[in-house]
Amino acid sequence: MSRTVAALLAATAIATIGANAGFAQEAPAAVTDARARAESIVTRMTLDEKIALVHGLFPPLTKVKPANELIPSAGHIEGNNRLGVPLVRESDASLGVANQVEQRKGDVATALPSSLATAATFDPEIARAGGAMIGSEARAKRFNVLLAGGVNLTRDPWGGRNFEYLGEDPLLAGELAGAHIAGVQSNRIVSTIKHFALNAQETGRMVLDARIGEAALRESDLLAFQIAIEKGKPASVMCAYNKVNGDWACENDFLLNQVLKRDWGYRGWVMSDWGGVHSTEKAAKAGLDQQSGQELDRAMYFDAPLKAAVEKGEVPMARLDDMVVRYLTGLIESGAYDTPMPAKAQTPDYARNALVAQRAAEAGIVLLKNQGDLLPLARTAKKIVVIGGGADLGVLSGGGSSQVRSVGGAPIEIALSTGGSASFARITYHASSPLAALRKALPGAQVSFVDGRNLNATVDAAKAADLAIVFATQWTTEADDVPDLRLQHHQDALVAAVAAAQPKTIAALTTGGPVTMPWLDRVPAVVQAWYPGQRGGEAIANILTGKVNPSGRLPITFPAHEGQAPRPQPVGLDTFTSLQAAAAANPANSGAYELKSFPVEYVEGSDVGYRWYEKKGQKPLFPFGHGLSYTSFAYRNASASGGARLTVSFDVTNTGARAGADVPQIYVTREGSDNPMRLAAFRRIELKPGETRRVTLIAEPRILADYDTTLPGWRIRGGSYRIAIARDATDRSLLLTTSLDPATMKP
């Protein structure tokens with residue numbers, strides 16, 4: 001869901017979660033017969049019974065009194081007792097069981113770090129463990145559909161919702177989204193995948209028209225969805241708010257009927273985003289199967305209007321039957337159909353689940369810079385000052401429908417008075433204080449705190465200390481893009497002033513995505529902590545003190561300045577801002593100042609993120625894939641083989657004195673092509689000091705291919721291919737070549 005509410009512990013952890021929930025991890029044995037079973041059920045339904053299943057309530061606003069308890073949440077769809085169809089209750093989102101403005105008083109949940117942090121782990125097992133954990137909590141709270149699985153590519157560094165997504169690369173995003181979805185559905189509940197497609201900016205998200213060619217779309221955003229669907233098998237796809245090439249995403253025949261259902265053979269159901277439906281007949285025929293949160297649309301298009309359209313023959317009965325069959329197929333294949341929800345809400349094992357969140361945060365924190373090995377903090381440090389960022393109380397989280405009311409509460413919570421998110425978001429911190437965690441980790445040091453508001457006092461404190469740690473924040477939220485990439489509230493000036501006073505300054509960034517760093521040359525150490533979740537304070541302290549060796553890698557490029565990106569600011573922001581001002585000045589007729597549909601031209605096509613920078617010959621501040629460690633790694637004895645598939649093998653050796661994790665990355669392009677290199681494979685590996693491991697990576701064939709609309713399908717052009725075994729997207733220190741046979745693949 002994505003609309004207003006006002007108006008690892010890897011395999012062992014997953015197995016434990018599933019076992020404690022009281023059911024097996026495996027999907028039901030009869031999933032191959034799921035559609036036939038669903039069709040059998042639908043043949044026994046009346047028209048009214050069918051219509052009842054293709055639209056859902058939005059509990060905060062509905063006036064309907066359903067037979068079953070209405071839990072304040074994202075959605076509610078009554079079942080059919082006569083035919084055994086279960087009640088469906090839906091909750092946001094990918095970062096935990098959401099409770100945005102505490103509509104369920106006192107109901108807390110475990111908060112994962114932001115999805116960008118999970119993406120920075122480059123580890124599908126960590127993504128799966130996070131999904132399994134939040135899926136188990138959703139089931140315990142009596143939800144059987146989780147509106148998770150955000151996989152939209154982060155095309156713009158200023159995107160307000162970037163923190164909910166998995167970065168700019170389709171292979172990385174698809175692999176990790178698929179793992180996360182599989183983890184959620186291991187609890188026999190449904191996970192969606194969203195928002196299909198090109199929901200890449202928040203400014204004008206309800207009206208913008210995303211424009212891009214078919215081949216470029218297939219090679220970028222759609223490939224991320226395709227990989228994630230193959231890996232995770234989500235029971236439902238949520239279509240987006242925006243238009244794509246002229247048609248609303250939720251009534252887009254190309255996206256829903258041609259790509260998703262025909263080319264990819266998708267069996268589940270397409271649900272709308274909340275407030276994303278614009279018609280009855282067109283939407284139904286174009287492939288939308290269910291209207292979600294109907295009270296947020298202009299009309300309840302899939303209730304009485306759909307029934308009338310079917311009775312008149314405007315929408316064939318066969319199409320309505322398919323809508324319901326797909327809904328039931330998704331429920332059956334995920335296990336949600338046959339696994340009853342608890343009669344009463346259960347209390348999850350929050351202590352165990354917190355470890356899953358902490359593990360993800362630790363693995364996703366990126367050490368961007370460490371000049372002079374200032375980090376990890378020496379245990380002999382005597383006087384450390386921690387500055388700003390609310391670090392004495394907690395860690396910042398992102399805003400919007402994904403907001404989790406985490407265990408421990410919200411020590412800082414600030415209501416908003418302006419902006420698109422004001423009605424359903426608050427600036428919210430999780431109760432995990434980096435200051436407290438550092439004091440616990442460094443009992444022999446004096447660790448003090450200043451909030452940074454008084455610049456003179458802050459500079460004096462920095463001068464008096466042996467070392468300063470500045471916590472800098474950038475709050476981002478659904479429904480609002482950030483206007484620029486500067487740290488908010490003059491924090492750039494604060495960091496610069498502290499660095500001028502204290503040469504041993506560390507910047508710890510808790511942000512929704514990239515920020516510019518005009519002070520970077522003067523700050524010897526920088527840590528990117530993203531939104532680190534409810535154990536973020538402990539995770540940051542463990543990284544800074546060396547208890548945990550940093551291993552995160554950037555899943556999104558950090559530009560040196562806004563002008564390097566394809567779009568330096570949100571498209572339409574100026575118009576939107578002026579309309580808001582006009583509406584505020586004329587409250588009696590504020591509805592007259594609505595943002596009309598406008599185009600967003602994705603001129604970069606499939607060259608998203610690091611590919612754009614390579615194509616334009618631009619050097620970013622920090623490249624995709626970048627991340628430092630407290631140890632060092634060497635790649636040796638590399639070889640590549642081609643033919644029917646591209647395989648690369650090499651030794652990875654930990655050449656340092658600490659155990660650590662490395663993330664070797666394989667980038668590929670065809671010799672003679674003007675295509676930038678593309679990430680074709682990656683793997684996260686953990687090595688002890690001196691340990692060597694042979695790594696073999698097989699390139700994803702669709703990354704090697706171009707999408708050919710004349711086939712239609714994927715075409716690998718035969719010939720020589722250049723391969724980089726790399727530490728980031730710009731690393732060309734180890735190059736190989738091999739030859740590939742020509743090949744084609746289905747769409």
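Which two residues form a disulfide, and how far apart are their sulfur atoms? Select C239 and C250: they form the disulfide, with 2.1 Å between the two sulfurs. Keep in mind as you click along that this is a predicted model.

**Stop 1: the disulfide**

Stay on that pair for a moment. A search of the whole structure turns up one disulfide. Look along the S-S bond, and you will find a right-handed link between C239 and C250, with 105 degrees about that bond. Now show the secondary structure: C239 sits in strand β6 (residues 236-239), whereas C250 belongs to the loop between β8 (247-248) and α9 (253-263), so the pair ties together parts that are 11 residues apart in sequence. Switch on a surface and check both ends. C239 counts as buried, with 0% relative accessibility, and C250 is buried as well, at 2%.

**Stop 2: M271, in contact with C239**

Next, select M271 in strand β9 (residues 269-271). Buried or exposed? M271 counts as buried, because its relative accessibility is 0% and the cut-off for buried is under 20%. Leaving out residues up to four places away in sequence, M271 touches a set of residues that includes S236, V237, M238 and C239. Also among the contacts of M271 are E90, V145, L147 and T192, as well as L288, Q290 and S292. For a sense of scale, draw a distance from the C-alpha of M271 to that of S649: the two are 43 Å apart in space and 378 residues apart in sequence.

**Stop 3: helix α5 and its two partners**

Now colour helix α5 (residues 124-140) and helix α13 (residues 350-364). Their axes lie 10 Å apart, and the helices pack at an angle of about 150 degrees. The two helices are therefore roughly antiparallel to each other. The crossing of α5 past α13 is left-handed. To see the contact itself, show side chains for I126, A129, G130, M133, S136 and E137 on α5, which meet Y350, N353, V356, R359, A360 and A363 on α13. Sorted by class, the residues of this contact are seven nonpolar, three polar and two charged.

Keep α5 on screen and add helix α6 (residues 170-185). How do these axes cross, and within what distance do they come? The axes of α5 and α6 cross at roughly 30 degrees and come within 6 Å. Here α5 makes a right-handed crossing with α6. On the α5 side, select P124, A127, R128, G130, G131, A132, I134 and G135; on the α6 side, L176, A179, H180, A182, G183 and V184 meet them. This contact of α5 with α6 has eight nonpolar, five polar and one charged residues.

**Stop 4: two positive phi values**

Most residues other than glycine have a negative phi, and most peptide bonds are trans. With that in mind, pick R142, in the loop between α5 and β3 (145-146). Although R142 is not a glycine, its phi is positive, at about 75 degrees. R142 counts as buried, with 13% relative accessibility.

Then jump to K233, in the loop between α8 (221-232) and β6. K233 is another residue other than glycine with a positive phi, near 50 degrees. What is the relative accessible area of K233? The value is 61%, so K233 is exposed.

**Stop 5: two cis peptide bonds**

Zoom in on the backbone between F196 and A197, which a cis peptide bond joins, with omega about 10 degrees. A197 lies in the loop between β4 (190-196) and β5 (209-211).

For another cis peptide bond, go to L375 and P376, where omega is about 0 degrees. P376 is part of the loop between β10 (366-370) and β11 (383-387).

**Stop 6: L544, in contact with that cis bond**

From P376, move on to L544 in helix α17 (residues 536-545). Which residues does L544 contact, leaving aside neighbours within four places in sequence? L544 is in contact with L375, P376 and L377, along with L438, I469, I506, V527 and Y630. L544 counts as buried, at 0% relative accessibility. As a last distance, connect the C-alpha atoms of L544 and T647: these residues are 37 Å apart in space and 103 residues apart in sequence.

Methods: Residues are numbered from 1 along each chain as its sequence is written. This is a predicted model: local features need pLDDT of at least 70, side-chain atom pairs count only at pLDDT 80 or more; totals for chains, interfaces and linings use all residues. Side-chain values use heavy atoms; hydrogens and water are left out. A disulfide is a pair of cysteine sulfur atoms within 2.5 Å. Helices (H or I, at least four residues) and strands (E, at least two) are DSSP runs, numbered from the N terminus. Buried means under 20% relative accessible area, exposed over 50%, partly exposed in between (1.4 Å probe, protein chains only). Axes are lines fitted to C-alpha atoms, for helices over the stretch in contact, and angles run from 0 to 180 degrees between N-to-C directions. Angles under 35 degrees count as roughly parallel, over 145 as roughly antiparallel, 65 to 115 as roughly perpendicular and the rest as oblique. A crossing is left-handed if the near helix is turned anticlockwise from the far one by less than a right angle, and right-handed if clockwise. Contact means heavy atoms within 4.5 Å. Ala, Val, Leu, Ile, Met, Phe, Trp, Tyr, Cys and Pro count as nonpolar, Asp, Glu, Lys and Arg as charged, and the others, Gly among them, as polar.
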